[in-house]
Amino acid sequence: MNAYIRFVQGIRSSLASANPKASPTDISKLAAVKWQSLDQASKAKYEEEYKREQAVWLQKNAKYLSQLTDAQKEEIKLERQQRNEGKVKREQKRLLKELGRPKRPMNGYLRFCAQNKPALGLSKEDNKMQMKNLGMQWRRLSDAERERYSKEAEADMKRYQEEMKQWEDKMLASENMEAVRKKNVLLPPSPASAMAKKGVTPVAGSGGSVQKMKKPTPTAGRP
């Protein structure tokens, strides 16, 4: 743990006791204020503890890595990469939620499950069995009964598409382009592609400018 986290963990319980109505976020903010007001000598103490702990960890980690095969090292590297990718996806999901991205619609089957799921808070195994039973119930529905859920899903999809268009326009206007689906962002065509559509072949001229290539003059062949 770095110096700041060590400090926060050391005072979190006392801050929570002194502020029983404060949320975890409020406690973190109070701890940050105390850290900022801490004198340099005290901060240096936490920093030294962190460096000692880090040195021990680096030594143990180096010994551990030296005992691994190349295949094991590659497997660890892949797992670390997958964790990082998962972290990025979770952060993107959190950002989109904060920006008010419209909720994705459910299809007919998922709407049926949501409306007929009898129990919540089940174990993983019990939930798996419950979903299996819902699947069997769905297959026993008549076409007319399924049609009701399908129509609800179609209406929800229309709602989603309309809200999504408004939201993406809002994001583009507020320069949050990274939140918008790439296929909906219209980029200006490059000069070369624009000229290609007109049947003109671009060639480099003086100063890097683009000039029209003259068509070759046909020459008479031998008789």
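This briefing walks through the fold, a helix crossing, the salt bridges and a few individual residues of the structure above. The model is a predicted one, and its chain has 223 residues, of which 17% are buried. The secondary structure consists of 8 helices and 2 strands. If you like to keep one region in view while reading, helices α5 and α7 make a good choice, since their axes come within 8 Å.

**The chain as a whole**

- Going along the sequence, you meet the helices and then the strands, in the pattern α-α-α-α-α-α-α-α-β-β.
- Among contacts with a separation of 6 or more, 50% join residues that are 24 or more positions apart.
- The exposed surface of the chain comes to about 18500 Å², and carbon and sulfur atoms supply 55% of that area.

**Where α5 and α7 cross**

- Helix α5 covers residues 108–116 and helix α7 covers residues 143–173.
- Their axes cross at roughly 105 degrees; because angles of 65 to 115 degrees count as roughly perpendicular, α5 and α7 are placed in that class.
- On the α5 side, the residues that meet α7 are Gly108, Arg111, Phe112, Gln115 and Asn116.
- On the α7 side, their partners are Arg148, Tyr149, Ser150, Glu152, Ala153 and Asp156.
- Two of the residues named here, Arg111 and Glu152, also pair up in a salt bridge.

**Salt bridges and their network**

- The whole structure contains 10 salt bridges.
- In the pair formed by Glu152 and Arg111, the closest N and O atoms are 3.4 Å apart.
- This pair links distant parts of the chain, with Glu152 in helix α7 and Arg111 in helix α5, 41 residues apart.
- Are the two partners buried or exposed? Glu152 counts as partly exposed because its relative accessibility is 26%, while Arg111, at 16%, counts as buried.
- Asp156 and Arg159 form another salt bridge, with 2.7 Å between the closest N and O atoms.
- Because Asp156 and Arg159 are 3 residues apart in helix α7, about one helical turn separates them.
- Asp156 is buried, with a relative accessible area of 18%, whereas Arg159 is partly exposed at 24%.
- Arg111, Glu152, Asp156 and Arg159 belong to a network of salt bridges that also includes Arg148 and Glu163.
- Further along helix α7, Asp169 and Lys165 meet through their side chains in a salt bridge with an N to O distance of 2.7 Å.
- Asp169 and Lys165 are 4 residues apart, which is about one turn of helix α7.
- Both Asp169 and Lys165 are partly exposed: Asp169 has a relative accessibility of 37%, and Lys165 has 49%.

**A closer look at Asp156**

- Asp156 sits in helix α7, and Asp156 is buried because its relative accessible area of 18% is under the 20% cut-off.
- Which residues does Asp156 touch, leaving out those up to four places away in sequence? The contacts are Pro105, Met106 and Arg111.
- Arg111, one of these contacts, is a member of the salt-bridge network along with Asp156.

**Residues in other helices**

- Near the start of the numbering, Met1, Tyr4 and Ile5 make a nonpolar surface patch of about 240 Å².
- Tyr4 belongs to helix α1, residues 3–18, and counts as partly exposed at 31% relative accessibility.
- Ile76 lies in helix α4, which spans residues 70–98, and is partly exposed with a relative accessible area of 23%.
- Setting aside residues up to four places away in sequence, Ile76 touches Tyr64 and Leu68.
- Asn133 is part of helix α6, residues 124–140, and is partly exposed with a relative accessible area of 35%.
- How far apart are the C-alpha atoms of Asn133 and Lys117? They are separated by 9.8 Å, and the two residues are 16 apart along the chain.

Methods
Residues numbered from 1 in each chain as written. Predicted model: local features only at pLDDT ≥ 70, side-chain atom pairs only at ≥ 80, totals over all residues. Heavy atoms only, no water. Patch = residues over 30% accessible without salt bridge, like charges linked within 9 Å, V, L, I, M, F, W, Y side chains within 5 Å. Areas by Shrake-Rupley, 256 points an atom, 1.4 Å probe, with all protein chains shown as cover. Salt bridge = Lys/Arg side-chain N within 4 Å of Asp/Glu carboxyl O. Buried < 20%, exposed > 50% of the residue type's maximum accessible area, 1.4 Å probe, protein only. Axes fitted to C-alpha atoms, helices over the stretch in contact; angles between N-to-C directions. Parallel < 35°, antiparallel > 145°, perpendicular 65-115°, else oblique. Contact = heavy atoms within 4.5 Å.
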